[in-house]
Amino acid sequence: MKRLSLLLVMIFTICMSWATIDEYYSFNATTGTYTPITGTAVTDMLSDDALSAAVPLGFSFPYGDNSYTEVVLSSNGWIGLGTSQTSSNLSNNLASTSYAPILAPLWDDTSMASGTAEYTMTGTAPNRIFTIQYSNLMWNYSGTAGYNFQVNLYETGKITFAYGSNPGAPNSPSASIGINMLPGGAGWYFSVTPGAPASASTTTHNGAI
């Protein structure tokens, strides 16, 4: 069933250069309609502190100086590009030089024990879109309000985060939202601060959303 609700879409669009992350991507936020998908289920991370096996994208996703054909999904609200991440990692630190490249729609000590995750691909080459959906993620792991969001990876390199309507207050929230890329550290992440308007920094990490 199609469900319509207000969302915040955080969009990272690709630029052509090679120095720091803001020469590859820019940030903006907008509102629109959250449309749930029905796709292939990812079941091996539907617990607390779990990481999925590699999920194939179906195309090569350009990101910084690298490209990726697989992702891993963490129950702690982030997606790893490639397979270098080997634990679910709840530290929510986009400024890390160890945990990159990470796409973090809601990186915190969350749980998917009561949730579902799935993915699908739409469009035709060279403009395909790979969508990953988290449904009923508990924020934090012992919370009672389930959160819904999607990450869209465009074959062109664009990234969007899309969030469903607010289901209630989170429990002891301390999240990061944003992206980072190799080699990590200052200048190699976008850390988002929600608001009206939302903003993003490449030098100041916000880990207390």
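# A walk through the predicted model

Start by selecting Asn 89, which is buried at a relative accessible area of 10%. Keep in mind as you click around that this is a predicted model. Asn 89 sits in the loop between β6 and β7. Check its backbone too: phi is near 45 degrees, a positive value in a residue other than glycine.

Stay in that loop and move on to Pro 101, which also lies between β6 and β7. The peptide bond that joins Ala 100 to Pro 101 is cis, with omega at about 0 degrees. Now jump to Pro 183, in the loop between β13 and β14 (189-193). Here too you'll find a cis peptide bond, running from Leu 182 to Pro 183 with omega near 10 degrees.

**The sheet**

Next, color the strands. Which order do the seven strands of the open sheet follow? Reading across, you get β4-β5-β6-β7-β13-β14-β15, with antiparallel pairing. The edges are β4 and β15, each of which pairs on one side only. On average, neighbouring strands in this sheet are turned by 25 degrees against each other, direction ignored.

Begin at the β4 edge. Select residues 55-63 for β4 and 66-73 for β5; five bridges pair these two strands in the antiparallel sense. To see one of the rungs, show Phe 61 and its bridge partner in β5, Tyr 68. Then look at the hairpin itself: two residues lie between the strands, and Gly 64 has a positive phi near 65 degrees.

Step over to β6, residues 79-81, which pairs with β5 through three antiparallel bridges. Val 72 is a handy marker, with Gly 80 as its bridge partner in β6. The hairpin of β5 and β6 has five residues between the strands, and Gly 77 in the turn shows a positive phi of about 80 degrees.

Further along, select β7 (residues 102-107) and β13 (residues 176-180), antiparallel strands joined by four bridges. Show Leu 103 and you'll find that its bridge partner in β13 is Ile 179.

**Into the core**

Keep Leu 103 on screen, and add Tyr 63, Leu 73, Leu 153 and Ile 159: these five have the most contacts inside the largest nonpolar core, which has 44 residues. Now center on Leu 153. What does Leu 153 touch, not counting residues up to four places away in sequence? Its contacts include Leu 57, Phe 59 and Phe 61, along with Val 71, Leu 81 and Leu 103. Others among them are Arg 128, Ile 129, Phe 130, Lys 158 and Ile 159. There is also a second, separate core of seven residues, including Val 72, Ile 102, Ala 104 and Tyr 189.

**A salt bridge**

Arg 128 deserves its own stop. Show it together with Glu 155: the two form a salt bridge, with the closest N and O atoms 2.8 Å apart. Arg 128 lies in the loop between β9 (116-122) and β10 (129-139), and Glu 155 in the loop between β11 (146-154) and β12 (159-163), so the pair ties together parts that are 27 residues apart in sequence. Are these two buried or exposed? Both Arg 128 and Glu 155 are buried. The count for the model comes to one salt bridge.

**Two neighbours in a loop**

Now head for the loop between β3 (40-41) and β4, and select Asp 49. Its phi is positive, about 55 degrees, although Asp 49 is not a glycine. Asp 49 counts as partly exposed because its relative accessibility is 38%.

Ala 50 is in the loop between β3 and β4 as well. With a relative accessibility of 10%, however, Ala 50 counts as buried. Leaving aside neighbours within four places in sequence, Ala 50 is in contact with Asp 44, Met 45, Leu 73, Ser 74, Ser 75 and Ser 88. If you want to try the distance tool, pick the C-alpha atoms of Ala 50 and Thr 144: they are separated by 19 Å, with the two positions 94 residues apart along the chain.

**Last stop**

Finish at Thr 202, in the segment after β15 (199-201). Thr 202 counts as buried because its relative accessibility is 16%, under the 20% cut-off. Which residues surround Thr 202, apart from neighbours within four places in sequence? Show its contacts: Ile 21 and Asp 22, plus Ala 186, Gly 187, Trp 188, Tyr 189 and Phe 190.

Terms used
Residues are numbered from 1 along each chain as its sequence is written. This is a predicted model: local features need pLDDT of at least 70, side-chain atom pairs count only at pLDDT 80 or more; totals for chains, interfaces and linings use all residues. Side-chain values use heavy atoms; hydrogens and water are left out. Buried means under 20% relative accessible area, exposed over 50%, partly exposed in between (1.4 Å probe, protein chains only). Contact means heavy atoms within 4.5 Å. Two strands pair if DSSP finds at least two bridges between them. Axes are lines fitted to C-alpha atoms, for helices over the stretch in contact, and angles run from 0 to 180 degrees between N-to-C directions. A nonpolar core is a set of buried Ala, Val, Leu, Ile, Met, Phe, Trp, Tyr and Cys residues joined through side-chain atoms within 4.5 Å. A salt bridge is a side-chain nitrogen of Lys or Arg within 4 Å of a carboxyl oxygen of Asp or Glu.
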